[in-house]
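Got the model open in your viewer? Let's take a walk through it, one selection at a time.

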Amino acid sequence: MTRALRIGLLRLTDSAPVVIARNHGLFARHDITPEIVLSPSWSNIADGLAWKTLDAAVIFPPLAIMTALGRRGHAASLRPLCTLSRGGNTLVLRGTNPLATPWPAGAEGRQAFDRWQQSIGRRPRLAVVHMYSTHLLILRRFLGQIGVEMDSGIELVVMPPADMISALADRAIDGGCVGPSWGTEACLRGLGFLVGGSSTVMPFHLEKLLVISDRIADRADRVKAALRDAVAYCRAPDNRHALAQELAQPPEKGGLALPARATFATLDENTTPEPVTFVAEEVTHPDFGWITQDMLDLGWIDENERLTLGV
């Protein structure tokens with residue numbers, strides 16, 4: 001018997017295709033036995049891939065690249081299987097929005113930042129979910145658009161997505177860039193306000209993909225077929241309510257314990273300006289272009305490494 005395929009993921013809306021493929025028998029239809037490993041942080045995901053305790057994972061591109069290059073201990077033989085989601089990241093700050101709208105680029109956005117910072121009374125403490133994340137790249141670009149230097153204008157901290165809710169409530173952080181549905185949940189609870197996100201910084205960017213180890217290359221096509229079926233389910237408007245309810249179930253009942261109302265909102269572009277868009281496609285070179293350029297600019301990789309990766 002073929003052993004179960006261990007897939008790592010976090011409690012996020014854009015993990016939905018893997019959950020649906022398991023719960024609705026789509027993996028089984030393609031002769032795949034999945035074992036979902038619910039990880040507490042992105043560091044756990046990267047370590048699982050590097051040390052071969054995971055066969056595959058839902059992950060964002062920068063961390064996948066750095067893991068493949070050996071930044072988690074040693075190089076991991078990984079390949080991008082397919083995209084899973086685009087967009088959906090939110091930039092949320094606590095307190096009162098000086099503009100009552102998302103912040104525009106340029107002087108008006110900078111003035112809003114300065115007024116908001118005065119209300120905080122210190123250099124803002126902003127969180128991202130991992131140093132090697134699309135969230136950090138989007139935060140950096142957003143701050144650049146309003147003339148704020150990330151290195152000197154803010155204090156950067158790292159924490160798992162779900163932890164940002166309690167951190168905002170406790171005022172341990174002043175905001176952050178986080179994936180669905182946690183930023184929307186913060187806004188719905190009145191813990192923060194939306195100033196921007198994926199759609200204002202890098203519209204429709206590649207957010208999550210599934211990477212697999214070369215060890216399971218013989219199952220790659222069947223995994224991809226199952227995920228395409230799952231994405232089709234997740235994209236259907238008539239399934240949004242059921243999908244949000246399914247993801248709200250606790251893990252022991254097949255869900256991710258996500259907040260149902262916020263999750264439903266992230267599935268509908270008419271409800272939130274930062275919806276998650278499920279897409280099961282081949283990963284293309286343009287998907288990685290802006291990401292690897294930013295990684296070069298930050299000194300995470302060099303040109304030879306980018307050429308080695310082919311992205």
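Start by selecting A16, P17, V18, V19, I20 and A21: these residues of α1 are buried, where buried means under 20% relative accessible area, exposed over 50% and partly exposed in between (1.4 Å probe, protein chains only). Helices here are DSSP runs of H or I with at least four residues, strands are runs of E with at least two, and both are numbered from the N terminus. Now widen the selection to residues 16-23, the whole of α1, and you have a mostly covered helix, with 6 of its 8 residues buried. Just after α1, click on G25, which takes a positive phi of about 75 degrees.

A quick word on what you're looking at. This is a predicted model, in which local features need pLDDT of at least 70 and side-chain atom pairs count only at pLDDT 80 or more, while totals for chains, interfaces and linings use all residues. Residues are numbered from 1 along each chain as its sequence is written, and side-chain values use heavy atoms, with hydrogens and water left out.

**The sheet**

Next, show the strands in the order β2-β1-β3-β10-β4-β11: these 6 form an open sheet with mixed pairing. Two strands pair if DSSP finds at least two bridges between them. At the edges stand β2 (34-38) and β11 (277-278); each has a single partner strand, so one side of each has no neighbour in the sheet. Zoom in on β1 (residues 5-9), which runs parallel to β2 and is joined to it by 5 bridges. If you want a place to land, L5 stands opposite P34 in β2.

Now add residues 220-235. That's helix α11, lying across β1, β4 (78-86), β10 and β11, at about 5 degrees to β4. Axes are lines fitted to C-alpha atoms, for helices over the stretch in contact, and angles run from 0 to 180 degrees between N-to-C directions.

**A buried glutamate**

Stay with the sheet and pick E207, in strand β10 (residues 206-213). Is E207 buried or exposed? At 0% relative accessibility, E207 counts as buried. Turn on its side chain and that of T134, and you'll find a polar contact of 2.7 Å between them. A polar contact is a pair of N or O atoms within 3.5 Å; within protein, one must be able to donate a hydrogen and the other to accept it, and residues adjacent in sequence count only if both atoms are side-chain atoms. Leaving aside residues up to four places away in sequence, E207 touches several others, among them D14, F60, R86, N89 and H135; contact means heavy atoms within 4.5 Å.

**Salt bridges**

There are 21 salt bridges in the structure, each a side-chain nitrogen of Lys or Arg within 4 Å of a carboxyl oxygen of Asp or Glu. Select E35 and R6 for one of them, with the closest N and O atoms 2.7 Å apart. The pair links distant parts of the chain, since E35 is in strand β2 and R6 in strand β1, 29 residues apart.

Then go to R215 and D55, whose side chains meet in a salt bridge at 3.1 Å, N to O. R215 lies in the loop between β10 and α11 and D55 in the loop between α3 (42-50) and β3 (56-59), so this pair ties together parts 160 residues apart in sequence. R215 is partly exposed at 36%, whereas D55 is buried at 1%.

The next stop is R141 with D294, where the closest N and O atoms are 2.8 Å apart. This salt bridge runs from helix α6 (residues 134-145) to helix α14 (residues 285-297), so it ties together parts 153 residues apart in sequence.

**Along α14**

While you're at D294, colour the buried residues of α14, including F288, W290, I291, M295 and L296. They pack against α4 (61-68), β4, α6, β10 and α15 (303-309). After α14 comes G299, with a positive phi near 80 degrees.

**Last stop: a loop**

Finish at N97, in the loop between β5 (90-93) and α5 (107-120). N97 counts as buried, at 14% relative accessibility. Its side chain reaches the backbone oxygen of T101 at 2.8 Å, and the side chain of N97 also makes a polar contact with the side chain of W103 (2.8 Å). Show F193 and L194 as well: N97 touches both.
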